[in-house]
Every structure is written in structure tokens, then in C-alpha cells.
Amino acid sequence: MKIAVVGTGYVGLVTGTCFAETGNHVSCVDIDEKKVNKLRNGEVTIYEPGLEKLFLRNLKEERLVFTTDLADGIKEAEIIFLALPTPPGEDGSADLKHILGVAEDLGRIMKDYKVIVDKSTVPVGTAAKVHQAIAKNYSGEFDVVSNPEFLREGVAVEDFMKPDRVVIGTNSERAKKLMGDLYAPFVRQGNPVIYMDERSAELTKYAANSFLATKISFMNEIAIICEKMGADVDMVRRGIGSDDRIGKRFLFPGIGYGGSCFPKDVQALVRSSSDVKYDFRILNAVMEVNHAQKLHLLPGIRKYFKNDLKRKHFAVWGLAFKPNTDDIREAPALYIIDALLKEGATVTAFDPEAMKNVKNEWGNKIDFADSQYDALKDADALIIATEWNEFRTPDFSRIGGMLKNKAIFDGRNLFDLAAIKELGFHYESVGRNIVN
Ligand SMILES: NC(=O)c1ccc[n+]([C@@H]2O[C@H](COP(=O)([O-])OP(=O)(O)OC[C@H]3O[C@@H](n4cnc5c(N)ncnc54)[C@H](O)[C@@H]3O)[C@@H](O)[C@H]2O)c1
């Protein structure tokens, strides 16, 4: 099949590459000329495990091509995916200017039947708006389908190649057939392709992300209660997670969710609920809890340093909003660092993949280290903000030998309390006793 993907970011590049991998010819369109040139030259513009190998193979086979010219990119495509940004507008609602702008352009250049697919996360009613925007300038036949994407950054290729489910929102039989054929190689093991109307498909994505965010904020509140009541959240987590109705995943407490999806999607669902005169109370609480949780470690850090962080120097391990990605959008680490700097502290950070993105955004507001141990030089304490695997079993004697104080503030509960006590560290984590 010939397809086009408009927008070549985290979702667009994975989508395009994975569709090429199953034999389709994929033309990827992006307005960012620099990005398109890099991609054409074989440079993968995001960090995503497993992506590079697939990308290079399909680029070489010329099943994957890149262009900045929309008309050229969609000319031969039967299906056009829109994987464009939907950032929060000033009022928290999803800003549809990229989507609707491209839809209008498509109307001007389309010449035959095509299926236009909203892959971006968009509010209920967007498929109808996209339809309208195209129809302004194009009177031929076409269908607009909602096909939300559920991939997780860090395991995006695996998620795309073997999705738990594929949601296809359309009432058009013609579009259903084309979409079903395109996805058939990805659901051979029997995972469902769920067909529904456009509006339900659009809401499914927001409901999924909001539910997961709720699970995280709920567990973070349980962690706070554990600290106050002298219980251990790890035990509670295991105790409830073995119940099938609850499930083991998304029960790990920490310093809040971040990234490009949960924060904006929860906010957008609250906003679009208020448009239909409904106050989504649970989600308001989820956002409030998450906001506070990003700075959960701070009171402990202040107390340890007797409320004076001026000229204190911190090593921070982890900048990305989660491991296995270089994405720093809404990353809790950045909120913590910002708060420390405001109180007069300085920071040297290390992250295996995300330092370049922070440097681009922050310049030399903080220092960056070449390794996790280099970051410890002259540091008064260590803060852990992202659970990269390489931080899980570090050389504790090296850490202890380098830090001015043997103090670790761990926002991701990486270490065993008994073991760390034995090693003589002051250790604070989330929802567990402080080790002194
Ligand atoms: N990142 C995720 O994990 C994830 C997962 C599921 C769904 N989503 C949703 O997918 C959508 C895209 O997210 P993303 O993280 O890939 O965004 P991104 O910012 O990484 O990528 C968007 C791309 O679109 C390009 N672009 C912007 N305007 C354009 C235009 N007019 N024409 C062509 N290209 C244009 C940008 O240059 C950029 O390369 C969002 O709605 C997001 O909520 C994201």
C-alpha cells in the first residue's frame, strides 16, 4: 500500500518506519527542513530503542522517503496519517491549528479518494472538523478516520509492531477495509482491531491516558499516606497489584508523571468536559496531586541541609521524563532542578540520552557530566529523578567516596532499604521509611 505520514516526530517516525517494515511505501512529510535532511541522510532524529535498525533498512530499500513538500508527499498515497502536535492552548484545550491547517492544505491539493487518519491525540469532534476543513476546497470523495496511537516512548517500536489493540473510528466501509488491510500484519496473534465511530475512538485515547494518570496519582497519594503512617508503599503495591482487577502495572509511586502526553491529555479532557458543562472532579485532583508530587523530595532535602540550600551542589541522575527516551517534555527532573536553583543551589546532571535536549533548552544553567559518577564530583548529595537501568545497581562505595555527604534522595525507589542502611547512607525515597 502507498501511505503518507504528515509530522515526523516521535509518533510519525515510528508509525512511518513500522508501516514501511511491513512492505508499504511510506512518504513522510515534515515542515522542519533540518529534520527532513537529517532523516534523508540516515540520521534518526529521536532516541527510541530498536528504531534505527528498522529505519535504516527501510530507508535503504526506498520504502521510506522524506519530504517537506506536502503535495509531493501525499500524491500517490491511499491513506494519509496526521501525526501532528496537539499542544495545550492557553485554556488547556488541545490546539488544533496544525491539524486543521494541514487539513485545509490537503483539500487544496487532493485529486482522488483518500483516507485521512487522525493519529494525533485529538478531542471529540475533531474528525468532523478535519472533514469540514478538507471539504472547504475539495468536493471529491474522501473519508476521515480516528486511529489514536497508544505507543509508549521507550518501547514504541515494540508497541507499534505488536499493539494490545488497534482502535479504528469510522463508519465508512471503504475506509474500514483499507485500514483493516494495513493493520492486518500487526495483529496476526489475534489482538483485536476494534471498530467504532469517530467520536468514541477520539475519547478512547483520552480515557486511556487519563485512567493511567489517575492510577499513578492514586498510588502517589497512597505513598504519602504510607510515609505519614509508617507503612511501606512497596509492600502495599505488591499487596494490591497481585489482584487481577487492579493489575501490577502503573502502581509504582514516584515523583509524578511527565512527558508529552499524560499532562496535556488529562488537562485537555478536563477542558473539553467543561465545554459540555461537566466538572471532571477526579481528573482535577489527579493534576493537583501530580503537580505537588514533582517536588515531593524537596522538603526532605531542605530539612537535611537545615533549610539552607545556598551554594549546596547537587548531582542529579536522570533528566528524561522516563527511562529509554530522550524526551524531556514536562520531566519531573526539570521541576526539581529549577526549584533547587531558585534556592541558590547548583547542579551537575547526567542522563544517558536526554542531556542534549536539556542543553538546547537551558544552555549552561546547569552543568552536565560525562558519566553518572562524574556528576558526583564535589556534590553535597545525589538526587535520582529517572529510573534508567544503569542507575539500579551502582557502585555504592564509589558514590559514598565521592559525595560530601552520604545522602541520596531517590524519586524512583531504586534501592532496597535494608541494603542501603547497611552501606551507611542517608536515604530518602517515596512512600518508604527514611534510612538514617
Ligand atoms: N509521543 C508519544 O508518546 C505519543 C503517543 C501517542 C500519541 N501521541 C500524540 O501524537 C501527536 C504527535 O506527537 P509527537 O510526540 O509525535 O509530536 P512531535 O512534536 O514529536 O512531532 C510532531 C512533528 O510534526 C511536525 N509538524 C508540525 N507542523 C507541521 C506541518 N504543518 N506539516 C508537517 N509537519 C509538521 C513537527 O516538525 C514535528 O516533527 C500528538 O497529538 C500526541 O499527543 C504522542
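Start by selecting Lys 322, which sits in the loop between β9 (313-317) and α14 (332-342). Keep in mind that you're looking at a predicted model.

Is Lys 322 buried or exposed? Neither label quite fits: its relative accessibility is 22%, so Lys 322 counts as partly exposed, given that buried means under 20% and exposed means over 50%.

Now add the neighbours. Leaving out residues up to four places away in sequence, Lys 322 touches Arg 152, Glu 153 and Thr 386. Show Glu 153 with its backbone atoms on, and follow the side chain of Lys 322 to the backbone oxygen of Glu 153, a distance of 2.7 Å.

Next, pick Gly 259. Along the chain, Gly 259 and Lys 322 are 63 residues apart, yet their C-alpha atoms are separated by 7.8 Å.

Time to zoom out and colour by secondary structure. How many helices and strands does the protein chain have? You'll find 17 helices and 14 strands. Turn the view around: the C-alpha atoms fill a box of roughly 70 × 45 × 40 Å along the principal axes. The radius of gyration is 23 Å, which agrees with the value near 22 Å for a compact globule, because the chain has 436 residues.

Try a surface view. About 20300 Å² of the protein chain is accessible, and carbon and sulfur atoms hold 50% of that. Of the 436 residues, 53% count as buried. Among contacts with a separation of 6 or more, 71% come from residues 24 or more positions apart.

Last stop: colour by charge. There are 58 positive and 63 negative side chains, with the centres of the two sets 2 Å apart.

Terms used
Residues numbered from 1 in each chain as written. Predicted model: local features only at pLDDT ≥ 70, side-chain atom pairs only at ≥ 80, totals over all residues. Heavy atoms only, no water. Helix = DSSP H or I, 4+ residues; strand = E, 2+ residues; numbered from the N terminus. Rg over C-alpha atoms; globule rule 2.2 N^0.38 Å. Buried < 20%, exposed > 50% of the residue type's maximum accessible area, 1.4 Å probe, protein only. Contact = heavy atoms within 4.5 Å. Areas by Shrake-Rupley, 256 points an atom, 1.4 Å probe, with all protein chains shown as cover. Lys, Arg positive; Asp, Glu negative; His and termini not counted. Charge placed at Lys NZ, Arg CZ, Asp CG, Glu CD. Polar contact = N/O pair within 3.5 Å; in protein donor to acceptor, adjacent residues only side chain to side chain.
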